[in-house]
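Work through the exercises below with the structure in view, and try each task before reading its solution.

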Amino acid sequence: MLEVLPKIAKMQASYALGKPLALPMNLTISVSYRCNSRCKTCNVWQRPNDDFTIEEYEKTFESVGRAAYWFTFSGGEPTLRKDLPEMVEAAYRHCRPGVINIPTNGIQDKIIPERVERVLQAAPGSEVIINLSLDGVGVKHDIVRGVKGNFERSMRTYAGLKALKGRYKNFTLGVHTVISNFNVDEFDNIYAFVRDELKPDSFISEIAEERVELDTVGMGITPPIQKYQPVIERLQEGIHKAEFGDITRITPRITQAFRDRYYDIVKRTLVEKRQIIPCLAGVASAQIAPNGDVWTCCIRAESVGNLREHNYDFKSVWTTSKADELRRSIKAGECYCPLANASYTNMLCHVPTLTSVALEVGKGSVAKAFSSSNRGKSAKLRELPVLNASAEASAHNGNGNGAKARELPVLNGVDGSPITNSNGHASDDSIEATA
Ligand code: SF4
């Protein structure tokens, strides 16, 4: 973990200059839009397929080198790709990431545990986090995910994954719930089921966002803050009571402390409708679409260039004029969102957040650190007003730039944004499409 500190300094300097001094430390690889779920909150499976080959990933990862510390292999459903272990192996060989994160819908219950085992073997020195998606309990999960029998299959997959736990020290098994208008009223049931029955190493939840990437803009899937706030508060209560993860270990304690801060930021983002801390997407984090387009983030999903047209040289794509323009726009606060992936890197690069987490973790257990009688400097730090770049500019310029930024169209769907996106072609994936 300490090896990320020099990277953070480079990210901060790059943000200040508006020019990348290094490649991003957080890379999301969307390996395919193909998916065997039919979620009410996602249309990504309808997008046309033009997936990178393993040879194309080899060249790309070689060009990234040791810059990226976090890798996320997302989709679509990433485990539909038979060569997922080979992709992870290529990333490990060239980039040696500290953390590799892979979500799964758990549908291919006969395939996924074996495929994940090969992933674990391919990256023995990385922490591999597999997050099972769970949006309801029993048939309610099937209704949100659009696949009959999905819950039963997911539970079998989960059992298969749990059996790997004792054999691979680099394995973290998590559960991930997307809270939308379709399940926000069910959250207490989901939470109790995950805590009491599944007992994963970690439980994370994100609000359903309307994303260009997922072709969900304008679908009205995002619950109102009045309904989502109690969900966040329940999640934070769980962190304070240390209901998930082994908080006698330092890494889970750090993760939980950041997660607590993340939920603070989500609440404020939804209410204040602005970047609460500076977003370093386009500097510290990036996403590669299945066809090689490089995005600053999946919410805007605006390509800064295509790797195929740049001979698979990530640096060449990352330094285009389009990338510079997006960095300027993001720094000016022309967008905001609670995207978890970008938020964690943003928090790492934000000195007050980093300091407050370090102080809290240094005190001992998370539960102890969060007790009301034990809230000292770290609690004060997190309560400091945290301004984004546009607000800071506003303060300096007599409310000029900041006010303008807040009037610009919002790019995510929290308030029903005007972004449109073309639809792709329907996929013919079946449940065992590529098994
Ligand atoms: S949409 Fe969100 S993640 Fe993307 S650049 Fe803007 S604030 Fe950052």
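**Exercise 1. Find how strand β2 is joined to strand β3, and place both in their sheet.**

Begin with the pair itself: strand β2 (residues 70-74) and strand β3 (residues 99-104) run parallel and are joined by 3 bridges, where helices (H or I, at least four residues) and strands (E, at least two) are DSSP runs numbered from the N terminus, and two strands pair if DSSP finds at least two bridges between them. Within this pair, Phe71 stands opposite Ile100 in β3.

Residues are numbered from 1 along each chain as its sequence is written. The model is predicted, and for that reason local features need pLDDT of at least 70 and side-chain atom pairs count only at pLDDT 80 or more, while totals for chains, interfaces and linings use all residues.

Next, widen the view to the open sheet of 9 strands, which has mixed pairing and the order β6-β5-β4-β3-β2-β1-β7-β8-β9. Because β6 (202-207) and β9 (303-306) stand at the edges with a single partner strand each, one side of each is left without a neighbour in the sheet.

**Exercise 2. Describe how α4 and α6 pack at an angle, and with their axes how far apart.**

First place each helix on the sheet: helix α4 (residues 112-122) lies across β3, β4 (127-133) and β5 (171-179), running at about 160 degrees to β4. Helix α6 (residues 150-162) touches β4 and β5, and its direction makes about 160 degrees with that of β4. Here axes are lines fitted to C-alpha atoms, for helices over the stretch in contact, and angles run from 0 to 180 degrees between N-to-C directions.

Then compare the helices with each other: α4 and α6 pack at an angle of about 35 degrees, with their axes 9 Å apart. Finally, list the contact, in which Ile112, Pro113 and Val116 in α4 meet Thr157, Gly160 and Leu161 in α6 (contact requires C-beta atoms, placed from the backbone, within 7 Å).

**Exercise 3. Decide how α2 and α3 are oriented to each other.**

Start from the geometry: helix α2 (residues 54-64) and helix α3 (residues 84-95) pack at an angle of about 20 degrees, and their axes are 8 Å apart. The two helices are therefore roughly parallel to each other, since angles under 35 degrees count as roughly parallel, over 145 as roughly antiparallel, 65 to 115 as roughly perpendicular and the rest as oblique.

To finish, look at the residues: Ile54, Tyr57, Glu58, Phe61, Glu62 and Val64 in α2 meet Glu86, Met87, Ala90, Ala91, His94 and Cys95 in α3.

Methods
Contact = placed C-beta atoms within 7 Å.
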